[in-house]
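Colleague: I would like a close look at one part of this model. Please take me through it step by step.

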Amino acid sequence: MKLPISLQTSSVARNALVLIAVVAGGAALYWLRDILTPLAMAIFLMIMIDGMKRAIEHRTPVPSRFAGAAALVLVVLGFLLSIWIIVDGAAGFFTDASGVSASIGPRLDQIIADVSGLVGVSDPPTLNELIAGIDVRGWLTQAAMQAQGVASGAFFVMVYLGFLLASQAGFRKKIVAMFPDRGARHEAMEVFNRVRGGVEGYLWVQAVTGALICLVAWILMRAVGLQNAEFWTFVIFIVGFIPVLGGAIAGLAPPLFALVQFESYWPALILLVGLQSLLFIVGNLIQPRMQGDNQNIDPVVVLLALALWGKMWGVPGMFLSTPLAVMAMAILAEFKGSRWMAVLLSGDGEPYAPRKAEASKAKPGDGWLGRLLGRGKPPHEKEGEED
């Protein structure tokens, strides 16, 4: 009989402590999701503001003292405009002005009859018969509560963002107090820059590929005459930041709406084939080349992160799942005891930090927007140099 592998007591105790800490941390994240979700969104808005600020400093004639204010205005207005477009567009989507609400019932009945004819059903049910047992009022109430939650969540994100911006003034002093030794402080700033670079790289890739998808998708939708093409274009761009599910929504939602709008099935078929082909080309050819080392994450990890954060934080967690996985891999790769976890998270067994060892020599001003507009000059202040 083969004897079991023996471990030192200290190793067993340490592993058990880590497991307990992970479970307790996950429970705390779930329990405090209403507080932590807007805070996490505010932190990512801060990262976007920081990247935008450095790009404005190095690539525009705007004075450095106004770059931060300009970046703040652009990011905040973009965030609020996104919330308004989604809420307003969804609210007026099935109004009488669109012409859809009056024809959706008969059109769905026709679709059900056509599908039933294909499968050999002689007496197909109507839409009213299918939804007779469904609590439509409850669904509408839940949808209204979700819309209200989006508006209140945006308000709390703005509140958190304001306090985070106010606390930036004492950040350098806190770093100096936490790391009195200059070498340790420099190493901590390198870790921070690598984490920030990974998140900025993710935002850069998703924004550029999302804009490309939206341009082609808008042309397709306008070509077939789909109503609310601009609204669908914006929805496709936003959901593009959700891995896996975003592509499914972008490729299926417009064709499904085309089924209701048009009497013919050809516009829906054209949109389905066109959008699926576009998403396949971008997802398998263009996006991997742009990602490079910024998202060297195993696809299984991306899927698990989506499920985990979606379960704990809902839709905001889905948006933040991949950036959080990038941050976790970058941080875990910096420490000898946790490097093995970063190896498991990575796509090719080489975690983010070692592959980016030369990145610590890069100029802090080279953010994702800086790469978009061209290599920028170093900022007027060197990060982490203050004693």
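Colleague: To set the scene, how many helices and how many strands does the protein chain have? Then please go closely into helix H8 and helix H9: how do their axes cross, and which residues meet?

Modeller: Keep in mind that this is a predicted model. The protein chain has 16 helices and zero strands. Of its 387 residues, 33% are buried. Take the contacts with a separation of 6 or more: 70% of them join residues 24 or more positions apart.

Now the pair you asked about. Helix H8 covers residues 182-224, and helix H9 covers residues 229-239. Their axes come within 9 Å. They cross at roughly 155°. An angle over 145 degrees counts as roughly antiparallel, so H8 and H9 are roughly antiparallel to each other. The crossing of H8 past H9 is right-handed.

Next, the residues that meet. From H8 come Ala207, Gly210, Ala211, Ile213, Cys214, Ala217, Trp218, Met221 and Arg222. From H9 come Ala229, Glu230, Trp232, Thr233, Ile236 and Phe237. Sorted by class, this contact of H8 with H9 holds eleven nonpolar residues, two polar and two charged.

For a single residue elsewhere, look at Thr37. Thr37 sits in helix H2, residues 33-59. Its relative accessible area is 10%. Buried means under 20%, so Thr37 is buried. The Thr37 side chain reaches the backbone oxygen of Arg33 at 2.6 Å. Beyond its neighbours within four places in sequence, Thr37 is in contact with Trp313 and Pro316.

Conventions. Residues numbered from 1 in each chain as written. Predicted model: local features only at pLDDT ≥ 70, side-chain atom pairs only at ≥ 80, totals over all residues. Heavy atoms only, no water. Axes fitted to C-alpha atoms, helices over the stretch in contact; angles between N-to-C directions. Helix = DSSP H or I, 4+ residues; strand = E, 2+ residues; numbered from the N terminus. Parallel < 35°, antiparallel > 145°, perpendicular 65-115°, else oblique. Left-handed = near helix turned anticlockwise from the far one by under 90°. Contact = heavy atoms within 4.5 Å. Nonpolar A, V, L, I, M, F, W, Y, C, P; charged D, E, K, R; others polar. Buried < 20%, exposed > 50% of the residue type's maximum accessible area, 1.4 Å probe, protein only. Polar contact = N/O pair within 3.5 Å; in protein donor to acceptor, adjacent residues only side chain to side chain.
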